[in-house]
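Hi,

Here is the structure I promised to pass on to you. Have a look at it first, and then read on for my notes.

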Amino acid sequence: MQITFTLNHKKVTAEIAADTVLLDLVRSLGCKSVKRGCETANCGLCTVFLDEKPVLSCSVLAARVNGRSVTTLEGLQEEAAEFGAFIADQGAEQCGFCNPGFIMNALALFRENPDPGEDEIKEYLAGNLCRCSGYEGQLRGILNFLAWKKGKEAAQ
Amino acid sequence: MKTVNQSMRKKDAMQLVTGQPVYMDDVIPQDCLIVKLLRSPHANAIVQEIDTSRALLVPGIEAIYTWKDVDQQGRRYTQAGQTYPEPSPYDRLVIDRHVRFAGDVVAILAGKDEKCVDKAMKLIKVQYEVLPAVLDYHTALDNPVLVHPEENWESLAPVGADNKRNLCAHDESGAGDIEAVLAGCDVVIDHTYHTRACQQAMMETFRTYCSIDAYGRLNVLSSTQIVFHCRRILANALHIPKSMIRVAKPRIGGGFGAKQTSVCEVYPAFVTWKTKKPSKIIFSRYESQIASTPRHEMELHVRLGATKDGIVRGIDLYTLSNTGAYGEHGPTTVGLSGHKSIPLYGKAEAFRFVSDVVYTNHMSAGAYRGYGATQGLFAVESAVNELADKLGIDPFVIRQRNIVHEGDVMPAYYGQVNTSCALDRCLQAVHDNIGWDEKYPVRDMGNGKVRAVGMGMAMQGSGITSVDVGSASLKINDDGFYTLSIGAADMGTGCDTILAQIAAEVLDCPLDNVTVLGADTDSSPYDSGSYASSTTYVTGKAVEQCAEQLKQKICQVGAGLLGLDERAVVFAGDAVTSEDGTQRATLAQIAAASQCGSNTALEAVVTHSSEISPPPFMVGAAEVEVDLETGEAQVIRYEAAVDCGTPVNPNLARVQAEGGILQGIGMALTENVTYDDRGMPQENSLMQYKIPARNDIGHIHVVFESSYEGTGPFGAKSIGEVVINTPLPAVADAIYHATHKRFYELPITREQIALAGQ
C-alpha cells in the first residue's frame with residue numbers, strides 16, 4: 001500500500017507492506033539514527049516522535065502514520081547537539097547505540113516538563129535502557145543541561 | 001600533564017549523540033543478502049534427514065547450507081578471540097551434524113529479504129535423532145553422555161582437557177600446606193556459592209557484513225573487539241587462507257566481552273565466500289539471549305580459615321565451571337576465579353585452587369567483563385563478610401587487617417609483586433563516603449522497610465602477562481597533524497580518545513591534532529584486541545613509546561631544516577627549535593619537507609607486551625533498602641573507590657566504573673538465567689532478562705584513589721573489568737544484614753527475600 005506522511009518536516013510517499021513497522025520504514029528512508037535493540041518493546045532505542053509525542057517505532061505499524069508527522073533525531077539536529085553536548089561532557093554517551101532513542105525521549109520530557117525533578121527524570125526515561133553508563137552520567141548531563149538552560153533563560 | 005588525566009570529550013561523542021550513521025548496519029549497502037540461521041530445538045541431537053528442496057523454491061532464496069556443505073571430518077575451530085595457540089579447544093564446525101544445545105545451528109539461509117528467508121526457514125524439514133542431554137553440570141564429568149564424542153576434537157594448549165570425560169579444562173595450584181593451616185585455624189568458613197550465566201546484553205546485538213573486494217578477498221565489517229583474532233577464526237572455520245580475509249570494525253554498540261568471541265561472523269562469511277555476493281547477519285535479541293556467549297556459570301566451594309582476630313590464614317577454593325556446549329574461554333575464565341580473588345588476602349600462609357571446567361548441553365559460555373574474577377570474588381568476599389559477622393568484627397576492619405600491600409609478593413597471583421596499590425586508601429574512602437559507622441549493619445526505617453549496608457573488595461589484571469600485544473603506529477601529515485593507527489577496538493569505552501590523549505601528551509599538541517584509525521587487519525599494526533583490561537595499559541604503553549620515537553624522527557628532520565646538529569634541537573610541540581628557541585622549524589614545515597624529495601619516513605611503529613599484569617583494585621559498598629514484606633530490594637546508594645593507577649581520562653574512567661557497578665548490581669538482584677527441562681533458556685528477551693533500568697537504582701558515586709604504576713603509560717593500570725566485581729558480595733551482605741538470611745546463590749530475587757523476611 002502507499003502512504004504519505006511528513007518525515008522530519010518533509011512530505012514523503014512510500015510503498016509499504018501491511019506489516020511494515022515504522023522503525024524499518026524510517027531506516028529505509030535514511031533515518032539511521034533509529035535503532036532496534038529488542039523485539040519486545042523494552043529498550044527504547046527506536047523512540048521517535050509521532051505528531052510530536054514520543055512512541056516506540058518498533059511497535060507502530062507504518063500504515064498508521066499515513067497523513068501524520070514523524071520526527072527522528074535527523075530532524076532535531078540542533079536540539080540534539082545542544083543537549084547532547086552535556087552528555088558528551090560526562091563521557092556518558094559511551095557506545096552511543098542507545099543515545100538517539102534516549103535523547104529523543106529526553107527532548108520530549110523537556111518539552112512536556114521544562115523543570116523536572118530527579119525522580120520525574122528517572123520515571124519518564126525509565127523505558128530507555130543503557131547498558132554502558134549506569135545512568136549516573138546521563139543524569140548529571142541532564143541536570144547540568146537544565147541548569148544551563150535555566151541560566152540562559154534568566155539572562156534573556 | 002596537559003592532556004593525560006584530563007576529562008576530555010570522546011572524539012566521536014558529538015557524532016554519537018546526534019545519531020550519525022556510524023554502526024555496521026548504518027554504513028553498509030541496503031541490498032545485500034540477508035542471512036539467518038535455523039536452530040535446533042533439541043539440546044543434544046543428530047540431524048538424520050534435512051530436506052531443503054521446498055525452501056529453496058521460495059522466490060528470493062539464494063542458498064541454504066546444511067551439514068552436508070561442511071566437511072564433517074575437517075579440522076575444527078574455536079570462536080574464542082584468543083592469542084594462538086588458543087587455550088580454548090577446537091571443537092566447532094560451521095554446521096555440525098551433531099547439534100549440542102537448543103539453539104545450535106542446523107542450517108544457514110540466505111535470501112534477498114527477511115520475509116523470504118523467514119518463509120523458507122519454515123519449509124525446511126528436519127528429522128532429528130534426539131539424544132539424552134547433559135543439563136546438570138554437576139553430573140557432566142565422566143557422564144556416559146559425551147557432549148563431544150568426536151575424534152577430530154582438539155585441544156591445542158596444555159589445559160588438562162579431555163573430551164572423553166566432558167572435561168574442557170582442569171587445573172590445580174597452591175602454596176603452603178593448606179590442610180595443616182586450616183586445621184590450625186580458630187574458625188573456618190566453609191560454603192558453596194553459585195553464580196549464573198549472565199548475559200552481556202550490549203544494546204547492539206551481534207552483527208556482521210561481508211563482501212568480496214576488488215582483489216577477490218573476503219571483506220568483513222563486524223561489530224567485534226578482536227579484528228585480528230577474527231581473521232584467524234574465519235580462516236580456520238572456512239578453511240581458506242588468512243591472506244584472503246580482511247576484518248574491520250565500525251563503531252561498536254557495546255561489547256563487554258561478548259564480542260571477544262566471533263559469535264556470528266562465520267555465517268555471513270560462509271555465504272559470501274560461497275556465493276561471492278554481499279551478505280549480512282543481525283542477531284535478534286532472542287538469539288543474543290539463547291545462542292550467544294554469556295558468563296560461565298560457576299559453583300565455588302570456599303574454605304577460608306582465620307584466627308579469632310580475623311587474620312585470614314588460608315583459602316582453599318574449588319571452582320566448577322559450566323562452559324556449555326563449546327569451550328570458548330572455558331579454560332581461562334576459571335583461572336581468574338581463584339587467581340584474582342585469593343591474592344587480596346596478603347597474610348594468608350597457604351592457598352589451594354583447584355578447578356574443573358565441564359561441557360554440558362547448554363549454550364556455550366564466553367567472555368564477560370570480569371571473566372571469572374567476578375564469580376570468584378563473590379565467593380571469597382562473601383566468605384570474608386561471613387567471617388567478619390561470625391567474629392563480630394566490622395567488615396572494613398577485617399579487611400584493613402588482611403589486605404595485600406604495595407611491594408608484597410602475591411603467591412596466588414602467579415608469584416607477581418604488587419607493584420602499585422592503594423587498596424588501603426580505597427577502604428578508607430568508601431568507609432567514610434557511605435557513612436558506614438552510622439549505617440552498619442542495618443536501620444529500621446519504621447515503614448516496613450529497612451536500610452542495610454554491605455561491602456566488598458576486588459582486583460583484576462591489566463592485560464594477559466607476556467601474551468597480550470599492543471601496537472601503535474603514528475605518522476605526521478600535512479600541516480603537522482598526526483594519524484594514530486591502532487588494532488585495539490573502541491567499543492564505546494573511549495579507547496580511541498584515551499590513546500590519542502597519550503599520544504598528544506607526548507607530542508605536546510592539542511587532542512584534535514591526533515586522528516585515530518582503527519581497527520582494520522589490513523592497515524592496523526597487530527594488536528591482540530580489546531579485552532582482558534589490556535587496552536590502556538598495554539596498547540597505551542605502545543602509544544607512549546611510539547610517540548616518543550616519532551618525536552625523535554621529527555627532531556632529526558627539523559634539525560636538518562635548521563642546519564643544526566640533532567642534539568642541538570628541542571621538540572616544542574608545534575615546532576622544532578634551537579636550544580635557545582631563536583631558530584624554529586614549524587611542524588607544518590617539517591611535514592611539508594617530509595613530503596617533498598624526502599628519503600625519511602616520518603612514521604613510527606611500536607609493539608609492546610608486558611611481563612607483568614598490575615592489578616587495579618577497588619572497594620565498593622552498597623546501601624540497600626529492603627521491603628521485608630514484598631521482598632523488594634533497591635540499591636539506593638553505591639559508594640566505590642577505584643585504584644586504576646592514573647586515570648587517563650577521569651570522566652571516561654568514572655563512567656566505566658558507574659556502568660560496571662550497575663551491571664554487577666543487576667547480576668546480584670535481577671539478571672537470572674534458567675533452563676527448562678529440555679534445555680531451553682527461559683530468559684530469552686529483555687522482558688524476562690531484567691537488566692537494570694534507571695529507576696531501579698538510587699545513586700552511584702565513584703572516587704579515584706590512584707596509585708602510580710611505573711610500567712603503565714603515565715602511571716595507568718586498567719579500569720574496564722574490575723568495576724563489575726564489588727556489587728555482588730556487597731549487595732548480598734547488605735541483604736543478609738536486612739533479612740538475617742545468607743544467600744549463596746545469585747541473583748537474590750524478590751521472592752527469595754520475601755520468603756526470608758517471613
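How many of the 19 residues of H10(B) are buried? The answer is 16, so to speak of H10(B) as mostly covered is fair. Please keep in mind as you read that this is a predicted model.

**Three helices in chain B**

Let me stay with H10(B) for a moment. At 1.5 Å a residue, its 19 residues should span 27 Å, and the end C-alpha atoms are 26 Å apart, which agrees. Just after H10(B) comes Gly392(B), with a positive phi of about 70°.

A little further on is helix H11 of chain B, residues 395–402, where Pro395(B), Phe396(B), Ile398(B), Arg399(B) and Asn402(B) are buried. These residues sit on the same side of H11(B), because they cover an arc of only 165° around the axis. Their packing partners in chain B are strand S14 (312–324), helix H10 (373–391), helix H12 (423–433), helix H13 (436–439) and strand S19 (449–459).

Helix H6 of chain B (residues 227–238) is another one to look at. Ten of its twelve residues are buried, so H6(B) is largely enclosed by the rest of the structure. Among the buried ones are Val227(B), Phe228(B), His229(B) and Arg231(B). The cover over the buried residues of H6(B) includes strand S10 (218–222), strand S11 (245–248) and helix H7 (266–275) of chain B. The length of H6(B) also fits: twelve residues at 1.5 Å each should span 16 Å, and the end C-alpha atoms are 16 Å apart. Just after H6(B), His239(B) takes a positive phi of about 55°.

**The nonpolar core**

In soluble globular proteins, nonpolar side chains tend to be buried together. Here the largest nonpolar core has 288 residues, and those touching the most other members are Ile108(B), Leu484(B), Ala503(B), Met618(B), Val731(B) and Ile735(B). Chain A takes part too, since at least three residues of this core come from each of its domain 1 (1–71) and domain 2 (76–152). If you would like one residue to start from, try Ile108(B): leaving aside residues up to four places away in sequence, Ile108(B) touches Val35(B), Leu37(B), Tyr65(B), Ile95(B), Tyr267(B), Phe270(B) and Val271(B).

**Where the chains and domains meet**

Between the two chains, 42 residues of chain B are in contact with 42 residues of chain A. On the chain B side, helix H1 (13–17), helix H8 (285–290), helix H17 (650–669) and strand S29 (697–704) each supply at least two residues. H17(B) gives the most, with seven residues. By class, the side of chain B that touches chain A has 22 nonpolar, twelve polar and eight charged residues.

Chain A is itself divided into domain 1 (1–71) and domain 2 (76–152). The C-alpha centres of these two domains of chain A lie 22 Å apart. Their contact takes 13 residues from domain 1 and twelve residues from domain 2. On the domain 1 side, the largest share, three residues, comes from strand S3 (residues 47–50) of chain A. That side divides into seven nonpolar, five polar and one charged residue.

**Backbone details**

Most residues other than glycine have a negative phi, and most peptide bonds are trans. A few places here differ from that pattern. The peptide bond from Tyr84(B) to Pro85(B) is cis, with omega near -5°, and Pro85(B) lies in the loop between strand S3 (61–65) and strand S4 (98–99) of chain B. The bond from Tyr440(B) to Pro441(B) is cis as well, with omega near -5°; Pro441(B) is found in the loop between H13 and strand S18 (442–444) of chain B.

Gln94(A) has a positive phi, near 45°, and lies in the loop between helix H2 (77–88) and helix H3 (99–112) of chain A. Is Gln94(A) buried or exposed? With 31 C-beta neighbours inside 10 Å, Gln94(A) counts as buried. Ser466(B) also has a positive phi, near 55°, in the loop between S19 and strand S20 (470–476) of chain B. Ser466(B) has 11 C-beta neighbours inside 10 Å and therefore counts as exposed.

Enjoy exploring!

Best wishes

Terms used
Residues numbered from 1 in each chain as written. Chains lettered and ligands numbered in written order. Predicted model: local features only at pLDDT ≥ 70, side-chain atom pairs only at ≥ 80, totals over all residues. Buried ≥ 20, exposed ≤ 12 C-beta atoms within 10 Å, placed from the backbone. Helix = DSSP H or I, 4+ residues; strand = E, 2+ residues; numbered from the N terminus. Arc of directions from axis to C-beta. Contact = placed C-beta atoms within 7 Å. Domains from an automatic or database assignment. Nonpolar A, V, L, I, M, F, W, Y, C, P; charged D, E, K, R; others polar. Core = buried A, V, L, I, M, F, W, Y, C linked by C-beta atoms within 7 Å. Expected span 1.5 Å × (residues − 1).
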